[in-house]
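Reader: I'm new to this and a whole protein is a lot to take in at once. Could you pick a single part and take me through it slowly, along with whatever surrounds it?

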Amino acid sequence: MLMLLMSVLAIAVGGAGLLSRHDVQERPKGQFEMPQTMLGGGSYSQDVSMEPFSELKYRHIVRQAYDYSCGSAALVTILTYHLGLSVTEQQAMEGMLEKGEKEKIIERRGFSLLDMKRYVASLGVNGAGFRAEVKDLLTLTEPAIVPIDYAGAKHFVVLRGIRDGVVFIADPSAGNIAFSVEEFASLWDKNTLFIVSPQAGKVAPAKLALSDNELGVVDMDRVTNGGRLDALNHAAHLLERAVNSGASGTWMHSR
């Protein structure tokens, strides 16, 4: 009888092992499978890719090296990721000192849109400054450098675009952030912007263009009232919204 009980127990344990066994699958780095039944999203599994939110925060942004170099970093962000030119912030700073108003640059400890215009012209690139209204920004097809007055300081950032009442900004000091249109309008200094266009006959890589995957990945602390995205009812989308909020330290998108 004892031998019989032990045999039954061995079969039960062995059977449990067979039932719980998983075949190991090779997956690309950063890709995971999230069973939606465990997450309240229905009876299916979804392959997703995850990456640290800290990496997404500064994706396609040249971080300014100095407190006063937001202008050069914003310009190099556009030159590098929108136009595909190989330029460092140091090279841009030296170029603007050479081509721009050197005495004024040293006096104000910063670069102006005129300094940028003169420098990009030396690279064979067209740069132009404009005055505009918020409604004009809705029609932009290229990123633009805009001055803002934020926290009592003048600051240059890159306006990537506006979608559904949210202004998406590439900030050399704070990364990818977003404002409501109303808040951005209150910060925008003198309604000026600077646009750098590709050289004639060349196709721009346009890596600063907004993608649908990242539209939910914003710093919602910077977005107020109408800038907040409407609520969703679909459980999977709610999960993605929650993950992309940055609370978990990762960013997720469907494969």
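Author: Here's a close look at one helix, followed by some of its surroundings.

First, some ground rules. This is a predicted model, in which local features need pLDDT of at least 70 and side-chain atom pairs count only at pLDDT 80 or more, while totals for chains, interfaces and linings use all residues. Residues are numbered from 1 along each chain as its sequence is written, and side-chain values use heavy atoms, with hydrogens and water left out.

Now the big picture. The protein has 9 helices and 9 strands; helices (H or I, at least four residues) and strands (E, at least two) are DSSP runs, numbered from the N terminus. Of its 255 residues, 41% count as buried. Buried means under 20% relative accessible area, exposed means over 50%, and partly exposed is in between, using a 1.4 Å probe and protein chains only. Take the contacts between residues at least 6 apart in sequence: 61% of them join residues at least 24 apart. A contact means heavy atoms within 4.5 Å.

The part I'd pick is helix α3, residues 70-81. You can check its length yourself: the expected span of a helix is 1.5 Å times one less than its number of residues. For the 12 residues of α3 that gives 16 Å, and the end C-alpha atoms are indeed 16 Å apart, so the two agree.

How much of α3 is tucked away? 10 of its 12 residues are buried, so the helix is largely enclosed by the rest of the structure. The buried ones are C70, G71, S72, A73, A74, L75, V76, T77, I78 and L79. If you know a bit about helices, you'll recall that an α-helix has 3.6 residues a turn, so residues three or four places apart point the same way. As for what does the covering, the list includes helices α4 (89-99) and α6 (113-122), plus strands β4 (144-150), β5 (153-163) and β8 (192-197).

Zoom in on I78, which sits in α3. I78 is buried, with a relative accessible area of 0%. Leaving out residues up to four places away in sequence, I78 touches L83, P143, A144, I145, V158, V196 and L208. P143 is 65 residues from I78 in sequence, but their C-alpha atoms are 7.4 Å apart in space.

One of those partners, A144, is in strand β4. A144 is buried too, with a relative accessible area of 0%. Apart from neighbours within four places in sequence, A144 is in contact with I78, V157, V158, L159, L193, F194 and I195. G161 is 17 residues away from A144 in sequence and 8.7 Å away in space, C-alpha to C-alpha.

Over in strand β8 you'll find T192. At 14% relative accessibility, T192 counts as buried. Its C-alpha atom is 6.3 Å from that of V146, although the two are 46 residues apart along the chain. T192 touches L113, F130, R131, I145, V146 and P147, again not counting residues up to four places away in sequence.

Back to the two covering helices. α4 and α6 pack at an angle of about 105°, with their axes 8 Å apart. The axes are lines fitted to C-alpha atoms, for helices over the stretch in contact, and angles run from 0 to 180 degrees between N-to-C directions. That makes α4 roughly perpendicular to α6. Here's the scale: under 35 degrees is roughly parallel, over 145 roughly antiparallel, 65 to 115 roughly perpendicular, and the rest oblique. On the α4 side, the contact uses Q91, A92, G95, M96 and K99, and on the α6 side D115, M116, R118, Y119 and S122.

Finally, look at the loop between α2 (53-57) and α3, where H60 lies. At 25% relative accessibility, H60 counts as partly exposed. Its phi is near 60°, a positive value in a residue other than glycine. Why point that out? Most residues other than glycine have a negative phi. D164 does something similar, with phi near 50°; D164 is in the loop between β5 and β6 (166-171). At 69% relative accessibility, D164 counts as exposed.
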